[in-house]
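Me: I have just opened this one and would like to get my bearings. Could you walk me through it step by step?
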Amino acid sequence: MAYATKADIITIYSEDVLYVADRDGDGVSDDAAIERALSSASDEIDSYLGVRFTVPYSHPSEILTQLCVDMAIYRLANTRDVMTETIKDRYNDSIKHLIRISDGKATLPSPPTAEGEEPDPQFEAAQPIVQTGPERLFTREKTRGL
């Protein structure tokens, strides 16, 4: 399941960016290449999200759509040899953000739930682990004066 579509690319960056998907040079983007790039980008996203969430992610947010679009454009530009620094930077920023999510330093927005509805268990796994233990034997108060 791709986290973005060709329409998302056009909405975010306009149709002009699809020059990177023109495989035969006729000025028309190759839809099959776009779908492959979006699918590949989604798989890469899943490889990062799979550390903390059940994948494929069932409630893709705008963040995932943006990351998927940037990663797909990078793949398309790389195969057509029309890479720019902006495209590289967007891809690298996407990877950095995915790493922060997988490390627990960033999170994905959870979908709103209706009143009385149970939250998606997929988000329960994303909660931090809290560990407790016995009372400390040596504290500042207990060792004062030693």
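Reply: One term first, since the helix packing below depends on it: contact means heavy atoms within 4.5 Å. Please also keep in mind that this is a predicted model.

Me: Okay, what does the secondary structure of the protein chain come to?
Reply: The protein chain has five helices and zero strands, and its elements, read from the N terminus, run α-α-α-α-α.

Me: And how much of the protein chain counts as buried?
Reply: Of its 146 residues, 32% count as buried. As for the contacts in the protein chain with a separation of 6 or more, 71% are between residues 24 or more positions apart.

Me: Let's get to the packing, then: how do α2 and α3 cross?
Reply: The axes of helix α2, which covers residues 31–49, and of α3 come within 8 Å and cross at roughly 125 degrees. The two helices are therefore oblique to each other, and α2 passes α3 in a right-handed crossing.

Me: Which residues in α2 meet α3?
Reply: On the α2 side they are Ala-33, Ile-34, Ala-37, Leu-38, Ser-40, Ala-41, Ser-42, Glu-44, Ile-45 and Leu-49, and they meet Leu-64, Leu-67, Cys-68, Met-71, Ala-72, Arg-75 and Leu-76 in α3. By class, the residues of this contact of α2 with α3 divide into 13 nonpolar, two polar and two charged.

Me: Glu-44 catches my eye there; is Glu-44 buried or exposed?
Reply: Glu-44, which is found in helix α2, is buried, because its relative accessible area is 15% and the cut-off for buried is under 20%. Leaving aside neighbours within four places in sequence, Glu-44 is in contact with Met-71, Arg-75, Tyr-91 and Ile-95.

Me: What about Ser-40, and what does Ser-40 count as?
Reply: Ser-40 is also found in helix α2, and at 28% relative accessibility Ser-40 counts as partly exposed. Ser-40 and Ala-2 are 38 residues apart in sequence, and in space their C-alpha atoms are 8.2 Å apart.

Me: Switching helices: at what angle do α1 and α3 pack?
Reply: Helix α1, made up of residues 6–13, packs with α3 at an angle of about 95 degrees, and their axes are 10 Å apart. That makes α1 roughly perpendicular to α3.

Me: Which residues make that contact between α1 and α3?
Reply: From α1 there are Asp-8, Ile-9, Ile-12 and Tyr-13, while α3 brings in Thr-65, Gln-66, Val-69, Asp-70 and Ile-73. Sorted by class, the contact of α1 with α3 has five nonpolar, two polar and two charged residues.

Me: New topic, then: how many aromatic pairs does the structure hold?
Reply: The structure holds one aromatic pair. Tyr-74 and Tyr-91 form this pair, and their rings are stacked, at 3.9 Å centre to centre and with 10 degrees between the planes.

Me: Where in the chain are Tyr-74 and Tyr-91?
Reply: Tyr-74 is in helix α3 (residues 62–80) and Tyr-91 is in helix α4 (residues 85–103), so that the pair, 17 residues apart, links distant parts of the chain.

Me: And what does Tyr-91 count as, buried or exposed?
Reply: Tyr-91 counts as buried, at 13% relative accessibility, whereas its partner Tyr-74 is partly exposed, with a relative accessible area of 21%. Tyr-91 has come up before, as one of the residues in contact with Glu-44.

How values were computed. Residues numbered from 1 in each chain as written. Predicted model: local features only at pLDDT ≥ 70, side-chain atom pairs only at ≥ 80, totals over all residues. Heavy atoms only, no water. Phe/Tyr/Trp six-rings, centres within 6.5 Å; stacked < 30°, edge-to-face > 60°. Helix = DSSP H or I, 4+ residues; strand = E, 2+ residues; numbered from the N terminus. Buried < 20%, exposed > 50% of the residue type's maximum accessible area, 1.4 Å probe, protein only. Axes fitted to C-alpha atoms, helices over the stretch in contact; angles between N-to-C directions. Parallel < 35°, antiparallel > 145°, perpendicular 65-115°, else oblique. Left-handed = near helix turned anticlockwise from the far one by under 90°. Nonpolar A, V, L, I, M, F, W, Y, C, P; charged D, E, K, R; others polar.
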